[in-house]
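Please open the structure in your viewer and keep the sequence panel beside it, so that you can select residues by number as you read. Take each stop slowly, and look around before moving on.

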Amino acid sequence: MPNILITGASGFVGGAVVEHILRQPAMDNVQLLLLVRADDKAAGLGRIINNLKKFELSEKQLSLITEDAILVGDLAEPENFIDDPRLDSITHVINCAAIASFGNNPVLWKVNVDGSLIFAKRMAQVKSLQRFVHVGTAMASMPDKDSVFYEDMPDNSHNEDLVQYTASKRAIENLIRQECPDMPFVVARPSIIVGHTQFGCRPSSSIFWVFLMAIKLKKFTCTFDANIDVIPVDYCAMVLVNLCLSDDIQHNFYHISSGEEMCTPFHEIDTFVAKAGNTKKIVDEYKQMSYQDFTGIRKQFKDILGPCNDKIILRAIKLYGGFAELNVKFDNQRLMDMGMPKPAPFRSYIDKCVTSTRGQSISELMMVDFK
Ligand SMILES: NC(=O)c1ccc[n+]([C@@H]2O[C@H](COP(=O)([O-])OP(=O)(O)OC[C@H]3O[C@@H](n4cnc5c(N)ncnc54)[C@H](OP(=O)(O)O)[C@@H]3O)[C@@H](O)[C@H]2O)c1
């Protein structure tokens, strides 16, 4: 019976991974251990259940997670949980936990690199371990502008990281490979995860607010035709579970992405947001604008976006605008070769994202990405 340790289950991706497993009919054949930050198991269970409720699981499905499945621990202080004997019988790991923020979190490196490495080294010693799936991020490759990034390409060294977060994500992958050479280690790098095909942004409004903000401003740093490689979180979770449990995988590195054909041009996001909200498309008014030019109109932000801190909005435009300008696509051939389905196109569930964020301001929606 697989005994799967999942980290980050109180978050967006880890929550979706647990959701995917709980919805499987053969769930009785899987044992879960969930790493969560909390004072004790009861509080940890409470945090996990609160998060899973956003995925609209039934009470029966939620009741399958009990305190026995909770491993209280913080990756900033891994020495406090790595001696738990339950780790010795783990067969699979899906490592979703990380500080996934573009903000300046002072413990970013401590958690995403130092603590994660100690955790990985501990798991490398577990005799029963069959696979350790590590969730990276496709942007860690520092792709060139207007490019397609293929899975057999080395990370670019001639570009600079736009944020420390991507640097930390690349560093931990390399360190685990170096220091745990015999561990069955698989890296899965998702592209940009936005919403859920069934529940829209209810599980998380992460990044969706960037599109809403650009549409409200009628301006952003990218062209109106720029391609955005978006995938839904439930697709990402399904792939992660498959990469974790599949008997036969050919590679130790995968993109989880929409691939060359399925990227969403920004103008299409505008069209479908307008359709869902019964509002006017901005196609005739849209203007590509540099970050520098945005600084000149910062005083208008409040009038357009509602109550907000113009400094924070400017910072968001700088950080997310840098990624949007890249117009990069991430090839997903390896998943296609495995027989994985393609992700649902963003346009097919944008309406659910619009509905589930209705009535919330940009300031409220963006909080989730500035932890
Ligand atoms: N969202 C995207 O678009 C995207 C794209 C590519 C890759 N990824 C990757 O996907 C993974 C999950 O991201 P996400 O979007 O789900 O982020 P998220 O919603 O912020 O979730 C992050 C998870 O990591 C946990 N965590 C953070 N610091 C921790 C610590 N010190 N000790 C233990 N757990 C800790 C969080 O726990 P708390 O609840 O206690 O904070 C939470 O459960 C990350 O590795 C990220 O790099 C995300």
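The tour below goes from the whole chain to the ligand and then to single residues.

**Stop 1: the whole chain**

Keep in mind from the start that this is a predicted model. Show the protein chain as a cartoon, and you will be looking at 15 helices and 15 strands. The radius of gyration of the chain is 20 Å, close to the 21 Å that the globule rule gives for 371 residues, so the chain is as compact as a globular protein of that length. If you turn the view along the principal axes, the C-alpha trace spans about 60 × 45 × 40 Å.

Now switch to a surface view, in which the protein chain exposes about 16,100 Å², with carbon and sulfur atoms supplying 48% of that area. Beneath this surface, buried residues make up 58% of the 371 residues in the chain. Among contacts between residues at least 6 apart in sequence, 82% join residues at least 24 apart.

**Stop 2: the ligand and its shell**

Select the ligand next, together with the residues around it. How many residues surround the ligand? There are 26, and the closest are Ser-10, Arg-37, Arg-47, Tyr-165 and Lys-169. If you colour this shell by residue type, it divides into 15 nonpolar, six polar and five charged residues. Highlight the helices α1 (12-22) and α5 (164-179) as well, since each of them supplies at least two residues of the shell.

Three distances to oxygen atoms of the ligand can be checked here, one at a time. At Arg-47, an N or O atom in the side chain is 2.6 Å from an oxygen atom of the ligand. At Val-13, look at the backbone instead, where an N or O atom lies 2.8 Å from an oxygen atom of the ligand. At Cys-96, a polar backbone atom is 3.3 Å from an oxygen atom of the ligand. Taken alone, the ligand exposes 890 Å², and the protein buries 91% of that.

**Stop 3: the loop between α2 and α3**

Move to the loop between α2 (41-53) and α3 (59-62), where you can select Glu-56, and select Phe-55, which has its place in the loop between α2 and α3 too. Are these neighbours buried or exposed? Phe-55 counts as buried because its relative accessibility is 0%, under the 20% cut-off. Glu-56 is partly exposed, because its relative accessible area of 44% falls between 20% and 50%.

With Phe-55 still selected, show the residues that it touches beyond four places away in sequence, among them Phe-12, Gly-15, Ala-16, His-196, Phe-199 and Val-233. For Glu-56, inspect the backbone, since its phi is near 50°, a positive value in a residue other than glycine.

**Stop 4: another positive phi**

Go on to Met-142, which is found in the loop between β5 (131-135) and β6. The phi of Met-142 is near 50°, again a positive value in a residue other than glycine. Met-142 counts as buried, with 9% relative accessibility.

**Stop 5: two serines**

Select Ser-157 in the loop between β6 (148-149) and α5, and then Ser-206 in the loop between β8 (192-193) and α6 (208-217). Ser-157 is exposed, because its relative accessible area of 71% is over 50%, whereas Ser-206 is buried, because its relative accessible area of 10% is under 20%.

Around Ser-206, show Phe-12, Ile-193, Val-194, Val-368 and Asp-369, which are the residues it touches when those up to four places away in sequence are not counted. From Ser-157, draw a line to Asn-112, which is 45 residues apart from it in sequence and 20 Å apart in space, C-alpha to C-alpha.

**Stop 6: inside a helix**

Finish at Ala-316, which has its place in helix α12 (residues 310-324). Ala-316 counts as buried, with a relative accessibility of 0%. Leaving out residues up to four places away in sequence, Ala-316 touches Trp-209, Gly-321, Met-366 and Phe-370. Select Phe-370 for a last distance: Ala-316 and Phe-370 are 54 residues apart in sequence, while their C-alpha atoms are 9.1 Å apart in space.

Notes
Residues numbered from 1 in each chain as written. Predicted model: local features only at pLDDT ≥ 70, side-chain atom pairs only at ≥ 80, totals over all residues. Heavy atoms only, no water. Near = heavy atom within 4 Å. Polar contact = N/O pair within 3.5 Å; in protein donor to acceptor, adjacent residues only side chain to side chain. Areas by Shrake-Rupley, 256 points an atom, 1.4 Å probe, with all protein chains shown as cover. Helix = DSSP H or I, 4+ residues; strand = E, 2+ residues; numbered from the N terminus. Nonpolar A, V, L, I, M, F, W, Y, C, P; charged D, E, K, R; others polar. Rg over C-alpha atoms; globule rule 2.2 N^0.38 Å. Buried < 20%, exposed > 50% of the residue type's maximum accessible area, 1.4 Å probe, protein only. Contact = heavy atoms within 4.5 Å.
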